[in-house]
Amino acid sequence: AETPKPVKKTSGRKPLPAELPRVRIEHDLPLADKICACGCTKKHIGEDTSEQLDIIPAVVQVLVHARQKYVCEACESG
């Protein structure tokens, strides 16, 4: 007889409803931080996003925080 596998609990919150309006807030690096220690300009490789519920009286919207990510193509350091 097989024993039933335990139900795996998911961590974190449920996604915010897709029908809510989104306001995108860009968090980018200063120009000086986009230069690698080796002197090369870092290449944009993606972004991390997180969502925060922002409730304003009579207005409900989702703030999408986008943090840009860069890497140096020459030495591949972040």
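Ala-58 counts as exposed, because its relative accessibility is 87% and the cut-off for that label is over 50%. Bear in mind as you look at it that this is a predicted model. To find the residue, go to the loop between strand 2 (43-56) and strand 3 (59-71). Its backbone has something to spot too: phi of Ala-58 is near 75°, a positive value in a residue that isn't glycine.

Now look at what sits on either side of that loop. Strand 2 and strand 3 make a hairpin, with two residues between them, and Ala-58 is in the turn. The two strands run antiparallel, and 13 bridges join them. One place to pick up the pairing is Ile-56, whose bridge partner in strand 3 is Val-59.

From there, move along to Asp-48, which also belongs to strand 2. Is Asp-48 buried, partly exposed or exposed? It counts as partly exposed, because its relative accessibility is 43%, and that label covers values between the 20% limit for buried and the 50% limit for exposed. Leaving aside residues up to four places away in sequence, Asp-48 touches His-65, Ala-66, Arg-67 and Lys-69. Gln-68 is worth finding as well: this residue is 20 residues from Asp-48 along the chain, yet their C-alpha atoms are separated by 6.8 Å.

Time to zoom out. How many helices and strands does the chain have? There are zero helices and three strands, so the pattern along the sequence reads β-β-β. As for contacts between residues at least 6 apart in sequence, 56% of them join residues at least 24 apart.

What about the overall shape? The chain has a radius of gyration of 20 Å, while a compact globule of 78 residues would have one near 12 Å. Put a box around the C-alpha atoms along the principal axes, and it comes out at roughly 60 × 55 × 15 Å.

That leaves the surface. Buried residues make up 19% of the 78 residues in the chain. The chain exposes about 6,600 Å², and carbon and sulfur atoms supply 57% of that area. On the charge side, you'll find 12 positive and 11 negative side chains, with the centres of the two sets 6 Å apart.

Notes. Residues are numbered from 1 along each chain as its sequence is written. This is a predicted model: local features need pLDDT of at least 70, side-chain atom pairs count only at pLDDT 80 or more; totals for chains, interfaces and linings use all residues. Side-chain values use heavy atoms; hydrogens and water are left out. Helices (H or I, at least four residues) and strands (E, at least two) are DSSP runs, numbered from the N terminus. The radius of gyration is taken over C-alpha atoms; the globule rule is 2.2 Å times the number of residues to the power 0.38. Buried means under 20% relative accessible area, exposed over 50%, partly exposed in between (1.4 Å probe, protein chains only). Contact means heavy atoms within 4.5 Å. Accessible areas come from the Shrake-Rupley method with a 1.4 Å probe; for residues, only the protein chains shown count as cover. Lys and Arg count as positive and Asp and Glu as negative; His and the chain ends are not counted. The place of a charge is taken as NZ of Lys, CZ of Arg, CG of Asp or CD of Glu. Two strands pair if DSSP finds at least two bridges between them.
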